[in-house]
Amino acid sequence: CPLRALEQYANYRVRLAAGRWPAARRLPAAKRETARQQAVEAITAAIGDLDLLCRRIPTVERLSLLGGAFKRLAQIEGDGERRQQALSGMAEQYGLAYARRRDAYAFTNRVAAMLLADRGMVAVDAENRGKLLGELDGLQQEVARRNADDPNFWDGASLADLALTRLLLNAAGPARQRDASFGDAATAVIEAYRDAAARAASPRELASLAENIAFLSELWSARDKALQQLFQSIAESLQ
């Protein structure tokens, strides 16, 4: 069978396991932990298959699917070393995908993983933050030009994700930087997601935005009330 069939088979196994987890979280503790282990085992097996493909014949698509598998694994793993390892794997694979093709999707996922893996304190210091913001500027200009010529859902979604990523990077910086501009930036981010949602051609496209916001909300610090409120507002705008 074609290799694409193998990569998509692994991808759908990951999606199936991750899709069952929200309902499993409402089970009693013992059953919930059993369901967690089953989901982790299913995703880990799929990661092994995707990793084999990426080591032998890497493509941007396969590297992104592998990054996405680590992303879903991080959501299911409890907060601790295993989750940090999954986030590190997510950052690495999306970074490899981005190195092959400058793409807002890989970039924003990589930055999110970096911020979450180290709580924004190690992987994204002042120097790295400046470099990432410079890359973000270039991507934002490129996607905006393309979207102006041919407005479409995916470019609109990329612009929204880039705007949110800029806010997350600034949130990891000095507190005074957030205080000065957070409100206006948050409003612009919500509007960007509303604009993207208005162009969604299918429920799956809309779900892709909602899933990413749910991931960020779940793994970002609950003590960061301002960002948690923003995640909630974005989620509501996508309903």
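With a relative accessibility of 36%, E191 counts as partly exposed (between the limits for buried, under 20% relative accessible area, and exposed, over 50%, using a 1.4 Å probe and protein chains only). Its partner in a salt bridge (a side-chain nitrogen of Lys or Arg within 4 Å of a carboxyl oxygen of Asp or Glu) is R194, and the closest N and O atoms of the two are 2.9 Å apart. R194 is likewise partly exposed, at 43%. Because R194 and E191 are three residues apart in helix α8, about one helical turn separates them. Helices here are DSSP runs of H or I with at least four residues, numbered from the N terminus.

The model is a predicted one, in which local features need pLDDT of at least 70 and side-chain atom pairs count only at pLDDT 80 or more, while totals for chains, interfaces and linings use all residues. Residues are numbered from 1 along each chain as its sequence is written, and side-chain values use heavy atoms, with hydrogens and water left out. The pLDDT, the predictor's confidence in each residue from 0 to 100, has a mean of 92 for the protein, with 94% of residues at 70 or more. Helix α8 (residues 175-198), home of the pair just described, has the lowest mean among the elements, 83, whereas helix α3 (residues 60-76) has the highest, 97.

Turning to the other charged pairs, the whole structure holds twelve salt bridges. One of them joins R25 to E218, with 3.2 Å between the closest N and O atoms. R25 sits in the loop between α1 (3-24) and α2 and E218 in helix α9 (residues 203-219), so this pair ties together parts that are 193 residues apart in sequence. Both ends are partly exposed, R25 with a relative accessible area of 41% and E218 with 27%.

Within helix α2, R36 forms a salt bridge with E33, again with the closest N and O atoms 3.2 Å apart. These two are separated by about one helical turn because they lie three residues apart in the helix. R36 counts as buried at 17% relative accessibility, while E33, at 36%, is partly exposed. Elsewhere, R102, E142, R146 and D155 are linked in a network of salt bridges.

Finally, there is a nonpolar patch on the surface, formed by L3, L6 and I57, with about 220 Å² of accessible area together. Patch members have over 30% relative accessible area and no salt bridge; like charges are joined within 9 Å and nonpolar side chains (Val, Leu, Ile, Met, Phe, Trp, Tyr) within 5 Å. Areas come from the Shrake-Rupley method with a 1.4 Å probe, and for residues only the protein chains shown count as cover. I57 lies in the loop between α2 (29-56) and α3 and is partly exposed at 44%.
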